[in-house]
Amino acid sequence: MAITANAPRGVFVVEIDGVTYTFLLRNREIERFEDKNRGIFEIWDGFFDRGKKPTSREVKDLIALALVGDGM
């Protein structure tokens with residue numbers, strides 16, 4: 001990640017194949033996710049072996065909603 005692509009607080013910036021993507025989950029996106037899936041903190045625990053692992057659909061939904069949160 002270039003110095004010009006510093007992520008503001010609450011934002012995750014990643015470079016994939018030379019393209020920079022910004023991911024931001026706002027409250028509205030988290031609520032949309034929880035309406036269709038389980039709680040965001042349950043998913044978080046699953047990433048760190050403290051609960052049920054997230055499904056591929058849950059991961060895909062999180063990424064899609066994070067892109068929407070940044071206006072993409």
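Buried here means under 20% relative accessible area and exposed over 50%, with partly exposed in between (1.4 Å probe, protein chains only). The model is predicted, so to speak of local features takes a pLDDT of at least 70, side-chain atom pairs count only at pLDDT 80 or more, and totals for chains, interfaces and linings use all residues. Residues are numbered from 1 along each chain as its sequence is written, and side-chain values use heavy atoms, leaving out hydrogens and water.

Start with the inside. The largest nonpolar core (buried Ala, Val, Leu, Ile, Met, Phe, Trp, Tyr and Cys residues joined through side-chain atoms within 4.5 Å) has five residues: Phe 33, Ile 40, Ile 43, Leu 62 and Leu 65. At least two of them come from each of α2 (40-47) and α3 (56-69); helices are DSSP runs of H or I, at least four residues long, numbered from the N terminus. Leaving aside residues up to four places away in sequence, Ile 40 touches Ile 30, Phe 33, Glu 34 and Leu 62, where contact means heavy atoms within 4.5 Å.

Then there is Arg 38, which sits in the loop between α1 (27-36) and α2. Arg 38 counts as buried, at 15% relative accessibility. Its side chain gets to the backbone oxygen of Lys 52 at 3.2 Å. Arg 38 also pairs up with Glu 58 in a salt bridge, with the closest N and O atoms 2.9 Å apart; the term covers a side-chain nitrogen of Lys or Arg within 4 Å of a carboxyl oxygen of Asp or Glu. Because Glu 58 lies in helix α3 and Arg 38 in the loop between α1 and α2, the pair ties together parts 20 residues apart in sequence. Glu 58 is buried too, at 6% relative accessible area.

In the whole structure, six salt bridges turn up. One of them joins Arg 28 to Glu 29, with 3.2 Å between the closest N and O atoms. Arg 28 is exposed at 51% relative accessibility, whereas Glu 29 is buried at 1%. Lys 53 and Asp 49 form another, at 2.4 Å between the closest N and O atoms; here Lys 53 is partly exposed at 47% and Asp 49 exposed at 62%. Arg 57, Lys 60 and Asp 61 are linked in a salt-bridge network.

As for the outside, Phe 41, Trp 44, Phe 47 and Phe 48 make a nonpolar surface patch of about 500 Å². Such a patch takes residues with over 30% relative accessible area and no salt bridge, with nonpolar side chains (Val, Leu, Ile, Met, Phe, Trp, Tyr) joined within 5 Å and like charges within 9 Å. Areas come from the Shrake-Rupley method with a 1.4 Å probe, and for residues only the protein chains shown count as cover. Phe 47, in helix α2, is partly exposed at 42%.

Terms used: Helix = DSSP H or I, 4+ residues; strand = E, 2+ residues; numbered from the N terminus. Polar contact = N/O pair within 3.5 Å; in protein donor to acceptor, adjacent residues only side chain to side chain.
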